[in-house]
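The following exercises introduce a protein structure to a reader who has not met it before. Each task is followed by a solution that proceeds step by step.

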Amino acid sequence: MSKVAVHPVFYVLILFALLHGFIYDLLLLFMIVIIHELGHVCTALSLGWRLKKVELLPFGGVVEVEEHGNKSPREECWVIVAGPLTNVIMIIVAWLFLKLELWSPAFSYVFIEYNLVILIFNLLPMWPLDGGKLLQLGFSLVLPYKKAIQHSLLVSGGCFVFYVLGVIFFFPYYFSLWVMAVFLFISQWMEWKQAPYQFMRFLLERQKQHQRDELNDLDVLSVALSPQHSINEALEHMFRHKRHYFCLITPGGKVENVLSEQELLHCFFNGYGGHRAVGDVFR
């Protein structure tokens with residue numbers, strides 16, 4: 001893993017907390033966030049994932065990984081939910097300590113409240129929160145990977161609009177909610193701009209997995225294509241959890257050729273270009 005970073009938004013909130021006298025609450029939130037992120041990190045490392053960066057936010061964090069939709073959906077689900085699970089565990093522990101009179105009621109209730117806030121906020125279906133990642137994972141189970149990325153970001157954007165409307169009508173004077181709104185807007189805009197590169201990294205890693213014979217256990221999916229479809233269009237039909245064969249069907253309904261995804265990826269990354277028709281490349 002290259003580094004652990006604190007998002008600039010956090011520094012803004014620290015300054016605001018110092019000016020308004022709630023630095024203790026912010027430090028408690030920070031500690032809960034660190035434990036939340038350790039849940040993601042430890043689970044990812046235990047599954048052999050490659051971590052790139054951990055960035056801490058006021059109401060959660062972002063664990064960036066070097067995996068690009070190429071791990072199994074079950075593994076990805078565990079990595080995502082591990083963070084919220086730590087909040088559930090902390091709530092249970094705080095409740096037990098309260099009952100055993102090991103913690104004061106005042107501290108226990110605040111600790112439970114902050115964990116609930118972080119838990120609920122992180123499960124909102126907005127990128128880059130855990131809920132937004134679960135949303136993208138869910139779409140990727142029923143849609144080709146590129147469409148799953150696009151659809152999840154569109155739904156995430158819609159949810160963000162509702163979030164902002166909620167802040168305007170119900171919590172207009174909560175500074176922290178406005179700071180988070182700015183952070184979410186910037187994050188979603190950047191993710192939308194990065195979406196084509198995310199798909200490209202998925203294809204690149206997919207090619208490497210083929211070279212290492214790591215995809216033999218995946219279910220096979222046959223995709224019908226016209227010979228006039230471009231290589232780009234063909235690759236956009238790929239699901240993250242399937243191994244594909246592409247059947248080139250002529251207008252008369254005859255199967256002209258059957259191609260494996262390895263062959264298409266080889267052409268894509270070795271000079272044939274993504275815009276050429278598959279029927280022209282594989283004659």
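**Exercise 1. Locate E101 and describe its backbone and its exposure.**

Solution. The model considered here is predicted.

Step 1. E101 lies in the loop between helix 3 and helix 4.

Step 2. The phi angle of E101 is near 60 degrees, which is a positive value in a residue other than glycine. Most residues other than glycine have a negative phi.

Step 3. Exposed residues are those over 50% relative accessible area. E101 has a relative accessibility of 70% and therefore counts as exposed.

**Exercise 2. Carry out the same analysis for D213, and state in which loop D213 is placed.**

Solution.

Step 1. D213 is placed in the loop between helix 7 and strand 4.

Step 2. Although D213 is not a glycine, its phi is positive, at about 55 degrees.

Step 3. The relative accessibility of D213 is 56%, so D213 counts as exposed.

**Exercise 3. Identify the residues joined by a cis peptide bond, and place P128 in the chain.**

Solution.

Step 1. Most peptide bonds are trans.

Step 2. The bond between W127 and P128 is cis, with omega at about 5 degrees.

Step 3. P128 belongs to the loop between helix 4 and helix 5 (130-142).

**Exercise 4. Describe the overall make-up of the protein chain.**

Solution.

Step 1. The protein chain contains 10 helices and six strands.

Step 2. Along the principal axes, the C-alpha atoms of the protein chain fill a box of roughly 75 × 40 × 30 Å.

Step 3. Of the 283 residues in the protein chain, 47% are buried.

Step 4. Among contacts in the protein chain with a separation of 6 or more, 62% are between residues 24 or more positions apart.

**Exercise 5. Determine how helix 2 and helix 3 are oriented to each other, and which residues meet.**

Solution.

Step 1. Two packed helices are described by the angle between their axes and the distance between the axes.

Step 2. The axes of helix 2 (residues 23-46) and helix 3 (residues 73-99) come within 8 Å and cross at roughly 140 degrees.

Step 3. Helix 2 and helix 3 are therefore oblique to each other. Their crossing is right-handed.

Step 4. On the side of helix 2, the residues in contact are I32, I35, H36, G39, H40, T43 and A44; on the side of helix 3, they are W78, V79, I80, A82, G83, P84, T86, N87 and M90.

Step 5. The residues of this contact comprise nine nonpolar, seven polar and no charged.

**Exercise 6. Determine the orientation of helix 5 and helix 6, and the character of the residues in their contact.**

Solution.

Step 1. Helix 5 and helix 6 pack with their axes 8 Å apart, at an angle of about 140 degrees.

Step 2. That angle makes helix 5 oblique to helix 6. The crossing of helix 5 and helix 6 is right-handed.

Step 3. Helix 5 contributes L135, Q136, F139 and S140 to the contact, and helix 6 contributes Y145, A148, I149, H151, S152, V155 and S156.

Step 4. Six of the residues in the contact of helix 5 with helix 6 are nonpolar, five are polar and none is charged.

**Exercise 7. Describe the largest nonpolar core and the element that gives the most to it.**

Solution.

Step 1. The largest nonpolar core has 39 residues. I32, F160, Y163 and L184 have the most contacts inside this core.

Step 2. The elements that each supply at least two residues of this core include helix 1 (8-20), strand 2 (51-57), strand 3 (60-65) and helix 7 (175-211).

Step 3. Helix 2 gives the most to this core, with seven residues.

Step 4. Leaving aside residues up to four places away in sequence, F160 touches M126, A181, L184, F185 and Q188.

Step 5. A second, separate core has 23 residues, including L153, L225, L248 and V281.

**Exercise 8. For S230 and L235, state the location, the accessibility and the contacts.**

Solution.

Step 1. S230 is in the loop between strand 4 (219-225) and helix 8 (231-235), whereas L235 is found in helix 8.

Step 2. Buried residues are those under 20% relative accessible area. S230, at 10%, is buried, and L235, at 1%, also counts as buried.

Step 3. Not counting residues up to four places away in sequence, S230 touches G274, H275, R276, A277 and V278. With the same exclusion, L235 touches F199, L203, L264, L265 and F268.

Step 4. L235 and G274 are 39 residues apart in sequence and 9.0 Å apart in space, C-alpha to C-alpha.

Key: Residues numbered from 1 in each chain as written. Predicted model: local features only at pLDDT ≥ 70, side-chain atom pairs only at ≥ 80, totals over all residues. Heavy atoms only, no water. Axes fitted to C-alpha atoms, helices over the stretch in contact; angles between N-to-C directions. Helix = DSSP H or I, 4+ residues; strand = E, 2+ residues; numbered from the N terminus. Parallel < 35°, antiparallel > 145°, perpendicular 65-115°, else oblique. Left-handed = near helix turned anticlockwise from the far one by under 90°. Contact = heavy atoms within 4.5 Å. Nonpolar A, V, L, I, M, F, W, Y, C, P; charged D, E, K, R; others polar. Core = buried A, V, L, I, M, F, W, Y, C linked by side-chain atoms within 4.5 Å. Buried < 20%, exposed > 50% of the residue type's maximum accessible area, 1.4 Å probe, protein only.
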